[in-house]
Amino acid sequence: MQKIQEILPLYFVAGTQDCRHLGENKAQNLLSVLKQALEGGITCFQFRDKGKFSLEHSPEEQKALAIACRDMCREYGVPFIVNDNVDLAFELEADGVHVGQTDMAVEVIRAKAKKEMIVGWSVTTLEEGKIGEAMTEIDYFGIGPIFPTKSKENAKPARGMAFVQELRNAGITKPFVAIGGITLEHVCTLRAFGADGIAIVSAISQAENVEMMTKVLREASLGKNS
């Protein structure tokens, strides 16, 4: 398995709800965007298909799409992470799972997992960061939202880029990605402040040229020579 820090620089998070501007075929929309993002060089993909515009209410369709996304990620050697739906992650033998504060406990996930898995945990406060820092079951944090975001229903209040510095200054050493309303102009600052990567939704899924935007974001996160 790759080192966690190697998969975090450009972490793409998306579901069908993030690609609905492309037309009626929800599954094909996401697969098209994912293909372009993989061509552009994303380092990780999280399948987060949630909300009224997603396939959440069509479990079989959603599962079929998740399988297609997983297989495409494997073609490119990019880790495939499932958001929240731990049972689906197990069934698909995903590379990992990402859960929030109120989802399945990470200790339970580790106990149930039949293979080594990447486990990510959402952190919205310094206190949560301190709790997670001491938990060996967690591989990385998703911290934020950094800025207001429209890609997640009922999102927590925005924390600003200084939240990255706050966590690092408080002794948080676990790898983490910053998420929430992040665009190209924020990438270098977030990395300089101590983020191991950036988690992107709309800046990729709604880009006019997905592959080109992905390449530019990757360069900004990894450095021009990467």
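In this predicted model, Ser221 is buried, its relative accessible area being 5%. The residue belongs to helix H10, which spans residues 210-222. A polar atom of the Ser221 side chain lies 2.9 Å from the backbone oxygen of Pro9. Setting aside residues up to four places away in sequence, Ser221 touches Pro9, Val187, Arg191, Gly197 and Ile198. Among these contacts of Ser221, Ile198 leads conveniently to the strands, as Ile198 of strand E8 is the bridge partner of Leu10.

Leu10 is part of strand E1, and this strand is a good place to pause. All 5 of the 5 residues of E1 (residues 10-14) are buried, so the strand is largely enclosed by the rest of the structure. In a regular strand, side chains alternate between the two faces of the sheet. For E1, both faces are covered: Leu10, Phe12 and Ala14 are buried on one side, and Tyr11 and Val13 are buried on the other.

The pairing of E1 can be followed in two directions. With strand E8 (residues 197-200), E1 pairs in the parallel sense over 3 bridges. With strand E2 (residues 44-47), E1 also runs parallel, and here 4 bridges join the two. Within E2, Phe47 is the bridge partner of Ala14. The connection between these strands is helical: E1, helix H2 (residues 26-40) and E2 form a β-α-β unit that is right-handed.

Attention now turns to the packing of nonpolar residues. In soluble globular proteins, nonpolar side chains tend to be buried together. The largest nonpolar core here contains 59 residues, and Phe45, Phe80 and Ile143 have the most contacts inside it. Helix H2 supplies the largest share of this core, with 6 residues. Another core, of 12 residues, lies apart from it and includes Leu8, Tyr11, Cys44 and Val177.

Phe45 illustrates how the strands and their surroundings meet. Beyond its neighbours within four places in sequence, Phe45 is in contact with Phe12, Ala14, Leu34, Cys69, Cys73, Val78, Pro79, Phe80 and Ile81. Phe12 and Ala14, two of these partners, lie on one side of E1 together with Leu10.

Two cysteines also appear among the contacts of Phe45, namely Cys69 and Cys73. Cys73 is buried, with a relative accessible area of 0%. What is the count of disulfides in the model? The count comes to 0. Cys73 takes part in no disulfide, as its nearest cysteine sulfur, that of Cys69, is 6.7 Å away, while a disulfide requires sulfur atoms within 2.5 Å.

How values were computed: Residues are numbered from 1 along each chain as its sequence is written. This is a predicted model: local features need pLDDT of at least 70, side-chain atom pairs count only at pLDDT 80 or more; totals for chains, interfaces and linings use all residues. Side-chain values use heavy atoms; hydrogens and water are left out. Buried means under 20% relative accessible area, exposed over 50%, partly exposed in between (1.4 Å probe, protein chains only). Two strands pair if DSSP finds at least two bridges between them. A crossover is right-handed if, with the strands pointing away from the viewer, the path from the first strand over the helix to the second runs clockwise. A polar contact is a pair of N or O atoms within 3.5 Å; within protein, one must be able to donate a hydrogen and the other to accept it, and residues adjacent in sequence count only if both atoms are side-chain atoms. Contact means heavy atoms within 4.5 Å. A nonpolar core is a set of buried Ala, Val, Leu, Ile, Met, Phe, Trp, Tyr and Cys residues joined through side-chain atoms within 4.5 Å.
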